[in-house]
Amino acid sequence: MIVLSHFQIKPLLVARKRGELTAVTSPDLGLTSIQVPVQGERITFADGASLSWEDAEEITEQEVACFALEGDTIRKIQAFSDVTNRHCSLMPTESAPTILIAGFPMHRIKGTNPFQDTLTKIKAANPTGAVLDTSMGLGYTAIQAAHTAEKVITIELDPAVMEVARQNPWSRELFASPKIERRIADSFDEVSTFRPETFARIIHDPPTMQLAGDLYSGEFYRELHRILKPNGRLFHYIGDLESPFGARVAKGVIDRLGKAGFRSVTRRNEAFGVVAVK
């Protein structure tokens with residue numbers, strides 16, 4: 001499936017206006033590059049799919065949307081969640097796309113991009129052994145963790161998010177890697193199904209406290225402590241620790257992690273989170 005955004009279409013429009021015969025674009029949101037003709041009635045791709053210039057203009061006008069090109073028809077990549085009663089959609093960046101839920105991006109995009117944001121979290125988490133990823137989203141964390149871990153179990157509450165991830169070229173490894181096990185469940189409930197000391201690492205990147213307060217609770221942290229191996233590491237994404245709101249949230253998180261039994265909690269400002277050791 002070809003997936004496009006305004007980042008891929010604008011160079012084609014510029015090349016056509018200049019009278020050039022071909023131009024370079026990407027059929028997968030920047031992962032690979034191809035050359036396509038730009039002076040015909042339509043933009044034709046190697047697999048036979050083609051895009052009208054009218055549809056190309058529509059894509060460029062919707063800068064927070066990604067589109068699947070199926071045959072000669074475009075379709076916005078989005079879904080409505082029956083679980084949360086919210087819309088979710090794929091939003092392009094100059095790197096990996098993010099997912100919008102109720103209009104809010106689920107990755108850092110200011111001063112960074114979703115891919116670099118993920119790498120920063122992974123460096124703080126140092127994935128090894130068996131890893132639990134409590135909030136799958138587009139699966140970037142699970143994908144990167146699987147590069148060094150023995151196995152990754154990633155949990156996603158919302159089937160609509162899974163549907164969007166399946167259409168994201170940057171998420172393909174989430175569904176292809178034999179190291180990654182995907183589960184549709186509520187992490188708050190699902191963690192109780194794991195045996196004690198199952199995981200060497202836990203990556204906890206929940207939605208904001210306003211959307212998922214139970215994933216910041218002492219009860220949930222005690223469960224994470226229970227299923228973590230001795231000397232295991234938990235990375236907990238919070239948000240900008242230097243902002244007034246982030247500082248308040250971090251203070252409560254650090255206190256509750258300590259009460260849950262974690263013997264060391266270290267701020268990782270560059271990763272917008274904390275690392276706790278059992």
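D117 and K121 sit 4 residues apart in helix α3, so about one helical turn separates them. In this predicted model, the two side chains form a salt bridge, with the closest N and O atoms 3.3 Å apart. The helix geometry fits that picture, because an α-helix has 3.6 residues a turn and residues three or four places apart point the same way. Both D117 and K121 turn out to be buried.

A similar spacing shows up in helix α8, which runs over residues 218-227 and holds both E223 and R226, 3 residues apart, again about one turn of the helix. E223 and R226 form a salt bridge too, and here the closest N and O atoms are 2.9 Å apart. Neither residue of this pair counts as buried: E223 is partly exposed because its relative accessibility is 22%, and R226 is partly exposed at 24%. Back with D117 and K121, salt bridges that share partners join this pair with R108 and D205 into one network. R108 has another contact to its name, as its charged end sits over the ring of F272, 3.7 Å from the ring centre. The charged end of R16 does much the same with W53, sitting over that ring at 4.3 Å from its centre.

Across the whole structure, the search turns up 12 salt bridges. One of them links E63 and K10, whose closest N and O atoms are 2.8 Å apart. E63 belongs to the loop between α2 (53-61) and β6 (67-70), while K10 is part of helix α1 (residues 6-18), so this salt bridge ties together parts that are 53 residues apart in sequence. Both ends count as partly exposed, E63 because its relative accessibility is 43% and K10 because its value is 34%.

Next comes the nonpolar interior. The largest nonpolar core has 38 residues, and the members that touch the most others are C88, V152, V164 and F235. Several elements each supply at least two residues of this core: the strands β9 (87-91), β10 (98-101) and β16 (228-237), along with the helices α3 (114-125), α4 (140-146) and α5 (159-166). What does V152 touch, leaving out residues up to four places away in sequence? The list is V131, D133, A142, A145, A146, K179, I180 and E181. There is also a second, separate core of 27 residues, with F220, L224, I227 and I238 among its members.

Helix α5 gives a closer view of how buried residues are covered. Within α5, the residues A160, V161, M162, V164 and A165 are buried. The elements covering the buried residues of α5 include β8 (78-80), β9, β10, β13 (151-156), α6 (172-176) and β14 (180-184). At the N-terminal end of α5, D158 acts as a cap, with a side-chain oxygen 2.9 Å from the backbone nitrogen of A160. The loop between α5 and α6 holds N168. Is N168 buried or exposed? N168 is buried, because its relative accessible area is 1%, below the 20% cut-off for burial. Leaving out residues up to four places away in sequence, N168 touches L29, L90, P97, L138 and Y140.

Another buried spot is A200, found in strand β15 (residues 199-204). A200 counts as buried because its relative accessible area is 12%. The chain brings A200 and V131 together in space: the two residues are 69 residues apart along the chain, yet their C-alpha atoms are separated by 6.1 Å. With neighbours within four places in sequence set aside, A200 is in contact with T128, G129, A130, L228, K229, G232 and R233.

Finally, there are the aromatic rings, where the count comes to 4 aromatic pairs. F194 and F199 make up one of them, with the ring centres 5.0 Å apart and an angle of 85 degrees between the planes, an edge-to-face arrangement. Both F194 and F199 are buried.

Note on methods:
Residues are numbered from 1 along each chain as its sequence is written. This is a predicted model: local features need pLDDT of at least 70, side-chain atom pairs count only at pLDDT 80 or more; totals for chains, interfaces and linings use all residues. Side-chain values use heavy atoms; hydrogens and water are left out. A nonpolar core is a set of buried Ala, Val, Leu, Ile, Met, Phe, Trp, Tyr and Cys residues joined through side-chain atoms within 4.5 Å. Buried means under 20% relative accessible area, exposed over 50%, partly exposed in between (1.4 Å probe, protein chains only). Contact means heavy atoms within 4.5 Å. Rings of Phe, Tyr and Trp (its six-membered ring) pair if their centres lie within 6.5 Å; planes under 30 degrees apart count as stacked, over 60 as edge-to-face and the rest as tilted. A charge sits over a ring if NZ of Lys or CZ of Arg is within 6 Å of the ring centre and within 35 degrees of the ring normal. A polar contact is a pair of N or O atoms within 3.5 Å; within protein, one must be able to donate a hydrogen and the other to accept it, and residues adjacent in sequence count only if both atoms are side-chain atoms. A salt bridge is a side-chain nitrogen of Lys or Arg within 4 Å of a carboxyl oxygen of Asp or Glu.
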